[in-house]
Amino acid sequence: MAIVEIGRFNRNEAHIVIGRLDSEGIPAFALDANASIADGSYLFIPVRVMVDEDDAEAARRIIADAA
């Protein structure tokens, strides 16, 4: 099992995307979601949404359909 990045989003969008993927049965998680939270720059750092490589194609399709 390997994880792959399916996109970079602002902090709030990343968690919405993760919720949408989870609702479709695709486990997803965020990397960098709490980066630099102490100095207030966390809103400027993109959050990477990650999924298992076997779910990547379906996850990208779900995100594209939502846009």
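Where is the place of Met1 in the protein chain? In this predicted model, Met1 lies in the segment before β1, and at 90% relative accessibility Met1 counts as exposed, where exposed denotes over 50% relative accessible area, buried under 20%, and partly exposed the range in between (1.4 Å probe, protein chains only). Residues are numbered from 1 along each chain as its sequence is written, and side-chain values rest on heavy atoms, with hydrogens and water left out. Because the model is predicted, local features require pLDDT of at least 70 and side-chain atom pairs are counted only at pLDDT 80 or more, whereas totals for chains, interfaces and linings use all residues.

The protein chain comprises two helices and three strands, which follow one another from the N terminus in the order β-α-β-β-α; helices (H or I, at least four residues) and strands (E, at least two) are taken as DSSP runs, numbered from the N terminus. Of the 67 residues of the protein chain, 27% count as buried. The accessible surface comes to about 4,300 Å², with 52% of this belonging to carbon and sulfur atoms, as computed by the Shrake-Rupley method with a 1.4 Å probe, only the protein chains shown counting as cover for residues. Among the contacts (heavy atoms within 4.5 Å) with a separation of 6 or more, 64% involve residues 24 or more positions apart.

Strand β3 (residues 47-52) pairs with both β1 and β2, pairing being assigned if DSSP finds at least two bridges between two strands. With β1 (residues 3-9), the antiparallel pairing of β3 extends over six bridges, and Val47 in β3 is the bridge partner of Phe9. With β2 (residues 28-31), β3 is likewise antiparallel, over four bridges, and here Val49 of β3 stands opposite Ala30. Five of the six residues of β3 are buried, so this strand is largely enclosed by the rest of the structure. In a regular strand, side chains alternate between the two faces of the sheet.

Asp52, which lies in β3, counts as buried at 14% relative accessibility. With residues up to four places away in sequence left aside, Asp52 touches Met1, Ala2, Ile3 and Val4; the C-alpha atoms of Asp52 and Ile3 are 4.4 Å apart, although 49 residues separate the two in sequence. Phe44, by contrast, is found in the loop between β2 and β3 and counts as exposed at 71% relative accessibility. The C-alpha to C-alpha distance between Phe44 and Asn10 is 7.4 Å, across 34 residues in sequence.

The largest nonpolar core, defined as a set of buried Ala, Val, Leu, Ile, Met, Phe, Trp, Tyr and Cys residues joined through side-chain atoms within 4.5 Å, contains 15 residues, of which Ile6, Leu21, Ile26, Ala28, Val49, Val51 and Ala59 touch the most other members. Two or more residues of this core are given by each of β1, α1 (11-23), β3 and α2 (56-66), and α1 gives the most, with four residues. Apart from residues up to four places away in sequence, Ile6 touches Leu21, Val49, Val51, Ala56, Ala59, Arg60 and Ile63.

On the surface, Met1, Ile3 and Phe29 make a nonpolar patch of about 360 Å².
Patches consist of residues with over 30% relative accessible area and no salt bridge, like charges being joined within 9 Å and nonpolar side chains (Val, Leu, Ile, Met, Phe, Trp, Tyr) within 5 Å; a salt bridge places a side-chain nitrogen of Lys or Arg within 4 Å of a carboxyl oxygen of Asp or Glu.
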